[in-house]
Amino acid sequence: VGLSAEVRSVSQVALRINEAEKLGFKNCILPKNNLKTRAGFEKTKLNLIGVENVREALDNLRDS
């Protein structure tokens, strides 16, 4: 997270998504920039929610 509350890209996103799926998570909030590539996690059953800032992340948490 940056100083202006933007959610920055993360490294090894496919590995993180696969591990979350193994742990039984149903939803995954991640940076929108990481959703653009979709490399390595095309077949995930997780509901992937891309956000640009902390407000969007919190709103999505509240809705679920």
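## Where helix 1 ends

Right after helix 1 comes Gly24, and its phi is positive, near 95°. Keep in mind that this is a predicted model, so every angle and area here is computed from that prediction.

## The two sides of helix 1

Helix 1 covers residues 13-22. Which of its residues are buried? Val13, Ala14, Ile17 and Ala20 are. Looking down the axis of helix 1, you'd find these buried residues within an arc of 130°, so they line one face of the helix.

Flip to the face turned away from that buried side and you meet Leu15 and Lys22, both exposed. And what covers the buried residues? The cover includes strand 1, helix 2 (32-37) and strand 2 (47-51).

## The nonpolar core

In general, nonpolar side chains in soluble globular proteins tend to be buried together. Here, the largest nonpolar core has 10 residues: Val13, Ala14, Ile17, Ala20, Cys28, Leu30, Leu35, Phe41, Leu46 and Leu48. Helix 1 and strand 1 each supply at least two residues of this core, and helix 1 gives the most, with 4 residues.

Ile17 is a handy place to start if you want to click through the core on screen. Setting aside its neighbours within four places in sequence, Ile17 is in contact with Cys28, Leu30, Phe41, Thr44, Leu46 and Leu48. Among these partners, Cys28, Leu30, Phe41, Leu46 and Leu48 are listed in the core along with Ile17 itself.

## A nonpolar patch on the outside

Now for the surface. Ile29, Leu58 and Leu61 form a nonpolar patch there, and together they have about 250 Å² of accessible area. Ile29 sits in strand 1, which runs over residues 27-31. Is Ile29 buried, partly exposed or exposed? It counts as partly exposed because its relative accessibility is 33%, and the partly exposed class lies between 20% and 50%.

In sequence, Ile29 falls between Cys28 and Leu30, which both belong to the largest nonpolar core.

## Positive phi ahead of helix 1

Two residues in the segment before helix 1 are worth a look for their backbone angles. Ala5, in that segment, has a phi near 75°, a positive value in a residue other than glycine. With 29% relative accessibility, Ala5 counts as partly exposed.

Gln12 lies in the segment before helix 1 too. Its phi is also positive, about 50°, although Gln12 is not a glycine. How accessible is Gln12? At 57% relative accessibility, Gln12 counts as exposed, since the cut-off for that class is over 50%.

Definitions and conventions:
Residues are numbered from 1 along each chain as its sequence is written. This is a predicted model: local features need pLDDT of at least 70, side-chain atom pairs count only at pLDDT 80 or more; totals for chains, interfaces and linings use all residues. Side-chain values use heavy atoms; hydrogens and water are left out. Patches are made of residues with over 30% relative accessible area and no salt bridge: like charges are joined within 9 Å, nonpolar side chains (Val, Leu, Ile, Met, Phe, Trp, Tyr) within 5 Å. Accessible areas come from the Shrake-Rupley method with a 1.4 Å probe; for residues, only the protein chains shown count as cover. A salt bridge is a side-chain nitrogen of Lys or Arg within 4 Å of a carboxyl oxygen of Asp or Glu. Buried means under 20% relative accessible area, exposed over 50%, partly exposed in between (1.4 Å probe, protein chains only). A nonpolar core is a set of buried Ala, Val, Leu, Ile, Met, Phe, Trp, Tyr and Cys residues joined through side-chain atoms within 4.5 Å. Contact means heavy atoms within 4.5 Å. The arc is that of the directions from the helix axis to the C-beta atoms.
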